[in-house]
Structures are given as C-alpha cells and as structure tokens.
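Welcome! Let us take a friendly walk around a protein and the molecule it holds. Have the structure open as you read.

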Amino acid sequence: MSEEQAAVVGTGPNGLAAAVTLARAGLRVVLYEAAPEIGGGLRGEALFDSAINHDVCSAVHPMAAASPFFREFDLAGRGVELLRPSISYAHPLDGGRAALAHRSLDATCAALGADGPAWRRLFGPLLRHTESLSSLFLSDLRSPPSSPVGAVQFGLRALRGDPFRSEEASALFTGVAGHAVGTVSGLVGNAVALMLGHLAHGTGWPLPRGGSASIAQALADDITAHGGEFRLGHRVTDLGELAGFPLIFFDTSAREFLSVSRRLLPYRYARTLARFRYAPGAAKADFLVSEPIPWANPEVGRAGTVHLGGTRASMIRQEEMASRGTLGDSPFVLVVDPGVVDSSRIVNGKRPVWAYAHVPNGDDTPPVDLVRARIERYASGFSDTIIEARGISAAAYESYNPNYVGGDIGAGAMTLRQIAARPALRWDPYTTPLHGVYLCSASTPPGPGVHGMSGYLAAASALRRHFKLRPPSLSPR
Ligand SMILES: Cc1cc2nc3c(=O)[nH]c(=O)nc-3n(C[C@H](O)[C@H](O)[C@H](O)COP(=O)(O)OP(=O)(O)OC[C@H]3O[C@@H](n4cnc5c(N)ncnc54)[C@H](O)[C@@H]3O)c2cc1C
C-alpha cells in the first residue's frame, strides 16, 4: 500500500478533505494547485494592511460546524476556534427595522412577535433532528435518512415554503434561501433556508478566529504530517500530466474536468458535462474601514452575517433577474464584519468588511460602488468609514479560481435536476467513466459550501473500490 499514489488536483476544502482521508489510509498523496497558495475558497489575504487579513472567498461556516467530516477531523482539537455570534444573521429593512435570527430560538421567536410561534413551529422540530438532517444533506444524497421522521418533517416544510405573515419574518426566512443563489422561492431555496436556518439556532453560524484560511492550514498540516506533498502554482491542463498516478481526484468544476480530460471521455458523458449549468455569479467587495458599520438599527451590528435584500418580493424579483442575465438595481448582498465576534481582526481600530452581491453569471460590472450603495441604504455614513476597497467582478472571479465559472461560487447551479445528477446521473456520483479518476469538488454532491464532504466521500469510495478499505480515523489524537 505504501507504494500506492494518488494525485489530487485542487486544494479547496474538498481537495484537502480527500487528501487527508487518502493520506491517513496510507496512500502517498501529491496535491496540485493552480494558485500560488492552498485553500481555494478558504484563502485569506492581507489586501490593504499587512496586519489585517481579509477572507477572499468564504467567511462564515455553518456547514463546517455541522459536517460529519469536520466533526471527526475535530477543528477545535487542532486549534481552530469557531466563534459563534449571539445573532447568527440579521436582515435590515427600510425605516430602521430589522429582523434578527438569534442563536437562541426563544429570543428569535420573542422578537418576531405575531410570527414567533410560526418560526418556532418551523425550526423547533428540525433542531431535534439536527444531527441526522446534517448527515442527510451533507452526504452523497443517495443514502436513506437515519431519522425518517426528521426527513419527513423537513420535506413537508420545504414543500410549504414561507409560512409567515409579517414582512420581517418573511424577509428573514427568504434571506437564508438566498444562499441557494438564483432560486429563492422554490423547493431548493426552501430546503436551503430550512437547513441553514435551523443551524443558526443550533451549531450556529461560526467564523474561525483569524479567518477561514486557518481551516485550510489545519487540513494541510495533517496532510503533510501523513506524507502528502503540495505542488503550488501548477494548473493541470491535461490528464496525461498525471499518467503515473493510479488514482486521481479532481477538486475542479465539471467544466475544468471536461477541459482537462475531454480527449479521453466517452462522448455522452462529455456532452453531459458540457451541458452542466452554472448559477448567477458573485461580485465580491472587500473594504478596510475605520469603524463598525453604522447600521440604522444597532442590533444588526451584533450579527455575524447580514443579508441585504429588502422584502421577500424584492429578493425574488432581483434573484430572478440575475438568473435571466439582468443586473437589477438592488441585488441581494451578503455582508460580514468579522470584528463583531473576533477582536483579533481589528487592528488600531481598522477592520475588514466582507461582502458580495448576486449578479448575472459572467457580469463584469465593478462591484465596489454597487455593494457600497446597498450597505449605505441600511447604514447611512458607511462610505465615510471606508479607508480602502477592492472589488472582483463575477467575470474576474473565474481567473482567480477556475472553479467559479462566470463567478458561480457553487461550481454549478443548485437546481433539482442538478442536485440529483451532479454533474451527471451516476449511482456513485464521484466516479467518472475513467478508471481510477474521481471528481470531488462542489460540482458533486452535496454541492457548494465548506463541508469537505465531497472530497471525503470521493476518497471513501476510492478506498472501498480499489483497496476494500473503510475510511480511516480522522481524529487528531
Ligand atoms: C465570495 C465567496 C464567498 C463564499 N462564502 C462562503 C461562506 O461564507 N461559507 C461557505 O461555506 N462557503 C462559502 N463560499 C463557497 C465555498 O468557498 C465553496 O463552495 C467551496 O470552497 C468549494 O470547495 P471546493 O473544494 O469544491 O472548491 P474550491 O474551494 O473552489 O477549490 C478548488 C481549487 O482547485 C483549484 N483548481 C481548479 N482547477 C485546477 C486545475 N486545473 N489545476 C490545479 N488546480 C486547480 C483552484 O485554484 C482552487 O484552489 C463562498 C465562495 C465565494 C467565492
């Protein structure tokens, strides 16, 4: 076994999770990364001030906190501290109003007034099944649920959708559905709202102390400790480059895998990958500011994540426009001020602000002014606190990370069809028609987010198929 080698192409959370699992099983693992540093969607950078780290991609980690892979890997045991804001997310509305999802379900329901009981009926029962629901939705989406009761309760709620009467509760719920990108009001948007929404009252929506790159570093340290090697700044462009490896794992988008392997893939599979659809893009804006964001409603300043989408009707309209390729006048924007929960991110009073807008796929509008105006609407005076800013348009995101096709940070739209066939209809979604070649990115189940499960499940599948091995222990001890 010690002579067996595996190549992993891409060092996002899924590539790193695959490599951890393979290296701990005794394989010699070599990781290839197009960028000069590891991490993919977990990268951080001191964009303006050498003492202040900005999360270039992901910032908030409900899925890492709930993921079976990360629970066993034990981030805390490796010194990664997940900081949980007392308000998981907030949704400001015009006139200084705001709806708040406290970590405490009771506090949330109390603040929602007449809709409080409906919020409790929606999320309370799901919290009782949170572990089995997390395992179900962060899986290959082919295994039966361990708690059928929890799954049925979830399904009935997803079919019903938004049950609220007040503008506040309805907006609060729909803002979470916005994480589905482009499809807030259908079954997929409802399911995302229920999954992430109930975690907000359970494991919480945590931020790693110091930034997301600490998660990537913990994974990389474990890989190195088990003999793995990194080849950075090496974009694999042809499968032939990896001819010596009996096992190859692609933490790349379906499109990049197609481009690298096209000449070897059967025609029908290649055509399926070519038809895989991508979602609206993210246009990212990073700010260095001199003060906390001056939200009109000061309670919003206690939230780890802030959704700027206005009313439910406005969010549905804006997301539909982005899906059809039109940039609306008030796109959905997500904002995070990590200093709310992590004082290490504030240096000499200066702090990072992370934000991105949902825009049409491939849109090349510079995002800083757009995002600044959206924040300003609910936090008048924000512009005066900006010391420096940088924007990456949706179109430009793809050159930063080839997985983000047209700026789609999910590496493929989350439609019902593409959840079942991600990226193609196969019983084992991580296998490809090429022997020993696996796909393990967010273009496979369970889809986008920092959970590492695609990588872990792809590695587990390969260990079972090629060596009849069960996945190894991932524990730090
Ligand atoms: C702005 C933004 C905000 C986000 N916010 C959150 C958040 O708060 N919480 C959350 O859970 N998720 C968030 N996400 C999504 C999350 O980052 C991704 O879903 C996740 O990183 C996907 O992991 P992955 O391993 O599949 O791919 P990635 O993390 O995208 O990594 C893929 C890696 O493969 C490399 N690569 C691609 N092709 C090649 C090649 N041919 N050769 C060599 N290397 C290659 C890339 O350079 C990249 O490093 C966000 C993403 C973005 C961009």
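## Where the ligand meets the backbone

Start at A442, where a polar backbone atom is 2.9 Å from an oxygen atom of the ligand. Keep in mind as you look that this is a predicted model. The backbone of G41 also has a polar atom facing a ligand oxygen, at 2.7 Å. At P13, a polar backbone atom is 3.3 Å from an oxygen atom of the ligand.

How much of the ligand does the protein bury? On its own, the ligand would expose 1000 Å², and the protein buries 96% of that area.

## The shell around the ligand

Now zoom out a little. The ligand is surrounded by 37 residues, and the closest are E33, G41, V60, E256 and G449. G41 is a residue you have already met, through its backbone contact of 2.7 Å with a ligand oxygen.

Which elements give two or more residues to this shell? They are the helix α1 (13-24) and the strands β2 (28-33) and β14 (351-359). Of the elements, α1 gives the most, with 3 residues. Sorted by class, the shell has 17 nonpolar, 14 polar and 6 charged residues.

The shell also draws on two domains, with at least three residues from each. Domain 1 covers 5-42 + 209-276 + 412-467, while domain 2 covers 62-70 + 76-206 + 279-400.

## The second largest pocket

Empty space can be explored too. Rolling a probe the size of a water molecule over the atoms shows where such space is left. In this model, the second largest pocket holds about 410 Å³ of space. It is lined by 14 residues, and T272, R417, A421, P423 and A424 lie nearest its centre.

Two helices, α12 (267-275) and α17 (416-420), are the elements that give two or more residues to this lining. The most comes from α12, with 5 residues. What is the mix of classes in the lining? There are 6 nonpolar, 3 polar and 5 charged residues.

## Unusual spots in the backbone

Most residues other than glycine have a negative phi, and most peptide bonds are trans. Against that background, three places are worth finding in the model.

One is P423, which you saw among the residues nearest the centre of the second largest pocket. The peptide bond from R422 to P423 is cis, with omega near 0 degrees. P423 sits in the loop between α17 and β16 (437-439).

Another cis peptide bond joins P445 and P446, with omega about 5 degrees. P446 is placed in the loop between β16 and α18 (453-467).

Finally, look at D74 in the loop between α3 (68-73) and β5 (82-83). D74 is not a glycine, yet its phi is positive, at about 65 degrees.

Key. Residues are numbered from 1 along each chain as its sequence is written. This is a predicted model: local features need pLDDT of at least 70, side-chain atom pairs count only at pLDDT 80 or more; totals for chains, interfaces and linings use all residues. Side-chain values use heavy atoms; hydrogens and water are left out. On a 1 Å grid over the protein atoms alone, a cavity is a set of points where a 1.4 Å probe fits but cannot get out, and a pocket is an open set with protein on both sides within 12 Å along at least five of seven lines; lining residues have an atom within 4 Å of a point. Grid points are joined across faces, edges and corners, and a volume is the space filled by probe spheres set on the points. Helices (H or I, at least four residues) and strands (E, at least two) are DSSP runs, numbered from the N terminus. Ala, Val, Leu, Ile, Met, Phe, Trp, Tyr, Cys and Pro count as nonpolar, Asp, Glu, Lys and Arg as charged, and the others, Gly among them, as polar. A residue is near a molecule or strand if one of its heavy atoms lies within 4 Å of it. A polar contact is a pair of N or O atoms within 3.5 Å; within protein, one must be able to donate a hydrogen and the other to accept it, and residues adjacent in sequence count only if both atoms are side-chain atoms. Accessible areas come from the Shrake-Rupley method with a 1.4 Å probe; for residues, only the protein chains shown count as cover. Domain bounds come from an automatic or database domain assignment.
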